[in-house]
Amino acid sequence: ATFRAIQILLTAHFPFPFFFFFPLPFVLPHAQAQAFPSPLSPFHFFLLSHPLFPSFFRLHQHHISSLSLSNLPSPISNSPLRFSPQIRTKMEAVAAAPSPSPQPHFPHDAAAAAASPKPYKKSLVTSLMEAATLRTPSFKEDNYLVSNLKPSDKKALQELQDKLSAAAGGPCSMWGIDLLSSDDKATVILLKFLRARDFKVPESLSMLEKCLAWRKEFGADSVVEEDLGFKQLEGVVAYMQGFDREGHPVCYNAYGVFKDKEMYEKVFGDEEKLQRFLRWRVQVLERGINLLHFKPGGVNSIIQVTDMKDMPKRELRVASNHILSLFQDNYPEMVARKVIFINVPWYFSVLYSMFSPFLTQRTKSKFVISKEGNVAETLYKFIRPEDVPVQYGGLSRSGDLHNDPPKPASEFAIKGGEKVNIQIEGIEAGATITWDIVVGGWELEYSAEFVPNAEGSYTIAVEKQRKVNASEEAIHNSYTAREAGKMVLSVDNSASRRRKVAAYRYFVRKSAMV
């Protein structure tokens, strides 16, 4: 009701049709929980980051006297949200200021206007384009090297180690790592808890002790081996698949399946089902954490890819709060490196573009926003095509995970109005060639033909030219040559002005016959 009141006030002054209230999807582990602490939503962060928020808050405080900073990250100075210094100062000043008397309209105060940040002058279209593309470089990930810590942070680490040793009444371990040892892996874990609490030792120790107690009660160390009866959700809703270009495990989340009411009731129909799902979601995360190195300078975090297509936001609100709370309290800095949102609705892009100018570079660099149609182009910047699932414009199929490491793919781009012919030469008689090819967003013509080397031989149309729709996955095919020649794969983007990313790979198996 409080934020609805502010929403009405904002809408009265800025009657745009996109002031929506919706919760973040519950697929977000600690990385997102840090940037969007529950129970706030993107609307709240737009509100807090809006340059006129202090004026709205103070002038209408008598209308919404129930609003307090207990609804916000508290204290603001310790919030994991990284607002710019000007906005942070303004928020703190508003929180400390007394309530003004009601006024019928906004007074014109030239001094106050001069002191306020200048309005963001980029057009809405420009802001949306920047929010939906990758104009912001990634921040440098923490390497957990003790030698790189500030003296005060080194002191905090030693103090946490000493207090944990004094407080521990027995074995103290996480993910098979003894936290009481001086091992580098233990140091990495302790630094994660310290960073989550800004190197404040008492709070870090309290968080760590609560996490240890929760893991024991929950049975987190053995949950990976449990059969929780969600076979139908594996590889569909939340799953680990492949690695990014730097070796980080990638977790994909797609909750559009719960748009089906029958499926929703089957999984979330009652409290018992909800708790079992939460246990399964923790199981998925634990599998990903088992792939981490826990070594200074190594791979110590997970990348999250969240598919927002068809996601029923209102229905998943309860589960969202549970998941955010669990991950925020018990998995600090485990998935805080990069969060990629794909198939993002237009209104999400609008909201993000409105509050992103007031966030610091580090906070913004944790998020990548990709609208529908740009999924493959976005993911290829972080993940190799052979590791991207086929449903997102890659070459990785779930059945491939049980085989050898994926064969590397060659990447290329097709400009608008361009046709590309890929020629695979040196195919001997009796050899079988197998290939995969995909173009992000397709909507172009594709064909495959075999051209014999011998003069007078006829070209064989292996796959006749056809238009490939945007929803189609990677093409997988094979052909056994009766004579020596070459395979030509053609992709024709002549009818489009848009540049598209693409990838292909192949291997040739020679005939066993002599």
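Let's begin with the secondary structure: the protein has 16 helices and 15 strands. Keep in mind that what you are looking at is a predicted model. The protein has 514 residues, and buried ones make up 50% of them. As for what touches what, take the contacts with a separation of 6 or more: 78% of them join residues 24 or more positions apart. On the outside, the protein exposes about 25,000 Å², with carbon and sulfur atoms supplying 52% of that area.

Now for the charged pairs. The count of salt bridges comes to eleven. One of them joins Arg215 to Glu286, with the closest N and O atoms 2.8 Å apart. Arg215 belongs to helix H10 (residues 201–218) and Glu286 to helix H12, so this pair ties together parts that are 71 residues apart in sequence. Are these two residues buried or exposed? Both Arg215 and Glu286 are buried. They also have company, since a network of salt bridges links Arg215, Asp221 and Glu286.

Another salt bridge runs between Asp310 and Lys259, and here the closest N and O atoms are 3.7 Å apart. Find Asp310 in the loop between strand S5 (303–307) and helix H13 (317–330), then look for Lys259 in the loop between strand S4 (249–254) and helix H11 (261–268). This pair links distant parts of the chain, 51 residues apart. Asp310 has 40% relative accessibility, so it counts as partly exposed. Lys259 comes in at 56%, and because exposed means over 50%, Lys259 counts as exposed.

A further salt bridge pairs Arg466 with Glu472, and the closest N and O atoms are 3.3 Å apart. Arg466 is partly exposed, with a relative accessible area of 32%. Glu472 counts as partly exposed too, at 27% relative accessibility.

Charge also shows up on the surface in another way. Which residues gather in a patch of negative charge there? They are Glu265, Asp270, Glu271 and Glu272. Take Glu271 as a place to stop: it lies in helix H12, which covers residues 271–289. With 48% relative accessibility, Glu271 counts as partly exposed. Helix H12 is also where you met Glu286 a moment ago.

Next, follow the chain to some places where residues far apart in sequence come together in space. Glu225 sits in the loop between H10 and strand S3 (238–243). Glu225 is exposed, with a relative accessible area of 71%. The C-alpha atoms of Glu225 and Gln283 are separated by 8.5 Å, although the two residues are 58 residues apart along the chain.

Ile302 offers a contrasting setting. You'll find Ile302 in the loop between H12 and S5. Its relative accessible area is 0%, so Ile302 is buried. Ile302 and Lys338 are 36 residues apart in sequence, and from C-alpha to C-alpha they are 7.7 Å apart in space.

Then there is Ser398, in the loop between helix H16 (375–380) and strand S8 (410–414). Ser398 is exposed, with a relative accessible area of 51%. How far apart in space are Ser398 and Glu234? The distance is 9.9 Å from C-alpha to C-alpha, with their positions 164 residues apart in sequence.

Finally, have a look at the backbone. Most residues other than glycine have a negative phi. Against that background, two loop residues are worth finding. Glu333 has a phi near 60°, a positive value in a residue other than glycine. Its place is in the loop between H13 and strand S6 (338–344). Glu333 is buried, with a relative accessible area of 9%. Trp442 also has a positive phi, near 30°. Look for Trp442 in the loop between strand S10 (432–439) and strand S11 (444–452). At 1% relative accessibility, Trp442 counts as buried, because buried means under 20% relative accessible area.

Methods. Residues numbered from 1 in each chain as written. Predicted model: local features only at pLDDT ≥ 70, side-chain atom pairs only at ≥ 80, totals over all residues. Heavy atoms only, no water. Patch = residues over 30% accessible without salt bridge, like charges linked within 9 Å, V, L, I, M, F, W, Y side chains within 5 Å. Areas by Shrake-Rupley, 256 points an atom, 1.4 Å probe, with all protein chains shown as cover. Salt bridge = Lys/Arg side-chain N within 4 Å of Asp/Glu carboxyl O. Lys, Arg positive; Asp, Glu negative; His and termini not counted. Charge placed at Lys NZ, Arg CZ, Asp CG, Glu CD. Helix = DSSP H or I, 4+ residues; strand = E, 2+ residues; numbered from the N terminus. Buried < 20%, exposed > 50% of the residue type's maximum accessible area, 1.4 Å probe, protein only. Contact = heavy atoms within 4.5 Å.
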